[in-house]
Amino acid sequence: MTTAAAQPIDENPCRPRHFRPPPTCEPVVADERAAALLETCRSRLVAAAALFALVFLVVALRLVEVVLLPGTAAESHIARVRPVGLPPPVRADLIDRDGRLLATTLESPSLYADPRQIIDAAAATRAITAVLPQLDPQELRAKLASHKSFVWIKRHLTPHQEYEINRLGIPGLQFEPEERRVYPYGDLAAHVVGFCGIDNNGLAGLERALDRKIRTGAGPIQLSLDARVQFILRDELRKVIDDFAAKGAAGIVMDVRTGEVIAMVSLPDFDPNHPGVADPNLPPEEETDEKQRTFNRITLGDYEMGSVMKIFNSAMVLDSGVATMTSQFDASHDIRVGRYTISDYHGKHRWLSVPEIFMYSSNIGSVREAVAAGAARQRDYLARFGLLSPAPIELDEVAKPRYPNPWREVNVMTIAFGHGLSLSPLNVIEAGSAAVNGGVLHPATLMKLPPGTAPAGRRVISQQTSEEMRKLLRLVVEYGTARFAQGSGYVVGGKTGTAEKNQRGRYELKKLVSDFFAAFPINDPRYAIFTLVDEPHGTKQSQGYATAGWTVVPATKRIIERIAPLLGVAPVDEASPAVVDALTVKSLQGKKIEAY
Amino acid sequence: VGAVTKLSAVFWLGLVLASGFATFMVKYAVQGVDDRVQQIRKQTVAEQQEIRVLTAEWTYLNQPERLADLNERFLHFAPITAQQLQQTIAGIPLRAPAPAAPAPAAPVPAPAAVVAVIPRPGAPRQSPTTDRPIAVAAFGPLLASADVPVPVATVASAPAPASLDALFALVAEKR
């Protein structure tokens, strides 16, 4: 029993090293305690060996899985790998409705110095100013000789400048990778896009209004603008300014069905890449100050719009039932209110029907209409058209309309033909679009809506009134002040306005604001255009006139001719029965219409 | 028994060495692939950066103002007039036969609203529409219906052509 017990212990390969087998000659002490101890040891060894074997098995299986069996573990690993790509820039891109880049962020290194490491400030100054001649040597030298540990030398270098600076090999000069906002189209959409400060904080336009969205949004932000239309609008408005030696001009194109702003131009403008730097191409006397150029006339300007307001006056009387298309008003005599006399430019001195008042742009007739409707109704309709509150748009720079308070009878009269109420062009195009699109007001937006969406909007006037307004607007182009808008092939309808500027409470005869609201094709409007020119001067070609009919109307016609094919608007055959039917004023049919 | 044990020991030792070798091979291969991935990642980022810069530059070069200037200098393209855009075949006027100058290339009906305007060299910036190519823009159905009135100048009483080719053949015949 004893030898039998000792034998397996001796042969056990797992025996502990400290265990020495007792000499065989001597009988092993048949000690019950020792035997139990040995038994425990052995079972522990077996357990440990099993554990190791298991672990090795797992490792082996894992190896087989990873190496020999494709498409299991490896693929789940691949799926976990983060996508490769640039980290999103600090500011998202802004793109136009066709994806053209309006604003982007590019990496551009900035140069700084640790003056304590600069050995020879004078030599370093000479070398650096040779590469960056726009730096002031005196100032730079003072910076480099200072005892600070960090001074900016120049922010946002070009790659070439970076290379040149590196080549100088001056110790103590360092580059800080920074990002810089770049506007490839320059001044094209300056007022809409706005600009950024040197630390990439939005200071104007959408850069300012959407600052948070631009900072957090990874993808590009798509605007409703069309760069091509924007260019055409700007091009034509610039011609108007040149032709009529005007102080400024503004224009806006809007999709009447959605309220999307397709183009928005305010002249003079600026280059957002260098805001605050004057255009070097301009002679010094024509250089306008920075405030003028960064001023967005479309949203911030407030102008008395003149006869364009008769659109809303006529819509009011027709929609409220105060008058119908056949109603007549007495326009035979001037109206005296206090010390004012309200008269017509080309008075007909007879009773005029509602379409005639609109077509001949009769101030007297419009006043009679407004008085018949009353102050409360006028206010109500103007508020419905959104003309008493700032136009809702994404920009921060929005003017509040200025209207009289209290709303007296004389104000009712002057507002009827567009004086006494100051509006921004954005207000006018938004309300004008509602007047022609079937009577639904869509808030203006600079964000592109997905194609095919029809935003709900807010009903302002009835469908029928809107159809009547289209006819009235067409009359103005056919027989009224906007005859230069004829013949574009796209059936334009519109209303002109020419107002004297109110400066310090006095109207100045020589200082005009000429404006024109138009929509095309007027039988089923798709787009509205509002153009305005500030202080135009008559020329020989315009027979000395600086009114809207001679300034912005021909420009609008040219704009429509150029943008309609781009916007996918088909030419309209004016003689086709459907168009004639949609635009004929029944009450004037058969009558000989006197020219304006 | 001793020989078998020895043999099996050698076998296992060989297996251990082989698997160890294989494991290290795999490890180094993976490391190599990993380095390559890192390198490609870096390269991708650099390329994307480059693309950003190039896109900005391309956009800069495509400033409408610049294109208009280039057009003025080299191409003399004029805006498309309403007369050049027709919705139906019937609306296309026939070109007046040009006695002196050889007729310009045949107009190509452009897809959708993309219209090729081929300028006539030597006569830029003029408004007569008859010598400008006319394109049918697909605002609506190209051939409005089967009973399209045939252009007056071509045929007065012939049956309406079934296809464009037939129409061209008819016109050629009448000339």
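The largest nonpolar core in this predicted model takes in 141 residues, and M264(A), F385(A) and F520(A) are the ones touching the most other members. Helix α10 of chain A (residues 227-244) chips in with nine residues, the largest share of this core. Apart from it sits another core, this one of 17 residues, with I118(A), A124(A), L144(A) and L157(A) among them. As a general backdrop, nonpolar side chains in soluble globular proteins tend to be buried together.

Turning to the aromatic rings, the count over all chains comes to 11 pairs. One of them joins F195(A) to F270(A) in an edge-to-face arrangement, with 5.6 Å from centre to centre and 85 degrees between the planes. F195(A) belongs to the loop between α7 (190-193) and α8 (205-209) of chain A, while F270(A) belongs to the loop between β7 (261-267) and α11 (290-294), so the pair ties together parts 75 residues apart in sequence. Both F195(A) and F270(A) are buried.

Chain B offers a tilted pair, F24(B) with Y28(B), at 6.4 Å centre to centre and 35 degrees between the planes. Here both partners come from helix α1 of chain B (residues 2-61), four residues apart, or about one turn of the helix. F24(B) counts as partly exposed because its relative accessibility is 48%, whereas Y28(B), at 51%, counts as exposed, the cut-off for exposed being over 50%.

Back in chain A, ring pairs also link Y112(A), F150(A) and W152(A) into a cluster. W152(A) has a charged visitor as well: R155(A) lies over its face, 4.4 Å from the ring centre. Elsewhere, K495(A) places its charged end over the ring of F358(A), at 5.8 Å from the centre.

Definitions and conventions:
Residues numbered from 1 in each chain as written. Chains lettered and ligands numbered in written order. Predicted model: local features only at pLDDT ≥ 70, side-chain atom pairs only at ≥ 80, totals over all residues. Heavy atoms only, no water. Core = buried A, V, L, I, M, F, W, Y, C linked by side-chain atoms within 4.5 Å. Buried < 20%, exposed > 50% of the residue type's maximum accessible area, 1.4 Å probe, protein only. Helix = DSSP H or I, 4+ residues; strand = E, 2+ residues; numbered from the N terminus. Phe/Tyr/Trp six-rings, centres within 6.5 Å; stacked < 30°, edge-to-face > 60°. Lys NZ or Arg CZ within 6 Å of the ring centre and 35° of its normal.
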